[in-house]
Amino acid sequence: MLKGISPVVNGPLLSVLDRMGHGDEIVLADAHFPSFSSNATVLSAAGIGVTALLDGILPLLEIDTYVADPLVMVDPVPGDSMDPDLLADCRAAIARHAPTAAPIVFMERFAFYERARQAFAIIATGETRKYGNILLKKGVTPV
């Protein structure tokens with residue numbers, strides 16, 4: 001365990017975050033997401049929710065300021081809805097740790113899946129709330 005780093009950020013996740021470069025993307029995927037069939041680099045965060053991971057990761061990861069969509073979530077399919085508490089929790093974590101980040105953009109489900117295939121890594125979380133997937137694009141860390 002490292003001082004000042006959330007215990008939800010384990011060694012393999014810390015390594016992934018460190019190896020990511022500007023513009024690389026990481027997906028925090030809910031328990032329903034096809035993580036292991038979508039990307040070659042998948043880390044397990046079983047039992048940990050998306051917002052707990054956001055609270056652990058966002059203090060360590062600069063969000064990209066050069067694009068309009070550095071934070072992306074899956075847009076619910078017509079007739080379905082996202083858990084409003086999930087969205088509020090994600091927005092609150094972002095506000096705590098990256099208050100100047102662009103707002104969350106919503107992407108059609110299959111377009112999100114395709115983008116996840118191109119991500120640097122997917123973190124398979126234990127999040128059970130529907131549409132609990134969020135993509136983060138790494139920015140340039142200020143000096």
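How many bridges join β1 to strand β6, and do the two run parallel or antiparallel? In this predicted model, strand β1 is joined to strand β6, which spans residues 134-137, by 4 bridges, and the two strands run antiparallel. Within this pairing, I26 of β1 stands opposite L136 in β6. Strand β1 is also joined by 4 bridges to strand β5, formed by residues 121-125, but here the strands run parallel, and L28 is found opposite I123 in β5.

The surroundings of β1 were examined next. The strand, which covers residues 25-29, is mostly covered, since 5 of its 5 residues are buried. Both of its faces are affected: E25, V27 and A29 are buried on one side, while I26 and L28 are buried on the other. The two residues named above for their strand partners, I26 and L28, therefore belong to one and the same covered face of β1.

Attention then turned to the aromatic side chains, for which a search of the whole structure finds 3 pairs. In one of them, the ring centres of F33 and F112 lie 6.0 Å apart and the planes meet at 90°, so this pair is classed as edge-to-face. Because F33 is located in the loop between β1 and α2 (35-38), whereas F112 belongs to helix α5 (residues 109-117), the pair ties together parts of the chain that are 79 residues apart in sequence. F33 is buried, having a relative accessible area of 8%, and F112 is buried as well, with a value of 0%; in each case the residue counts as buried because its relative accessible area is under 20%.

F33 also takes part in a pair with Y113, in which the ring centres are 5.1 Å apart and the planes stand at 90°, so that this arrangement, too, is edge-to-face. This pair likewise links distant parts of the chain, with F33 in the loop between β1 and α2 and Y113 in helix α5, 80 residues apart. Both F33 and Y113 are buried. Taken together, ring pairs link F33, F110, F112 and Y113 into a cluster.

Finally, the open space in the structure was considered. The largest pocket holds about 160 Å³ of space, and its lining includes F33 and Y113, together with residues such as D30, H32, P34, R109 and K130. By residue class, the lining of this pocket divides into 6 nonpolar, 2 polar and 4 charged residues. F33 and Y113, which form an edge-to-face ring pair, are thus both found among the residues that line the largest pocket.

Definitions and conventions
Residues numbered from 1 in each chain as written. Predicted model: local features only at pLDDT ≥ 70, side-chain atom pairs only at ≥ 80, totals over all residues. Heavy atoms only, no water. Buried < 20%, exposed > 50% of the residue type's maximum accessible area, 1.4 Å probe, protein only. Pairing = 2+ DSSP bridges. Phe/Tyr/Trp six-rings, centres within 6.5 Å; stacked < 30°, edge-to-face > 60°. 1 Å grid on protein atoms, 1.4 Å probe; cavity = no way out; pocket = protein on both sides within 12 Å on 5 of 7 lines; lining within 4 Å. Points joined across faces, edges and corners; volume = space filled by probe spheres on them. Nonpolar A, V, L, I, M, F, W, Y, C, P; charged D, E, K, R; others polar.
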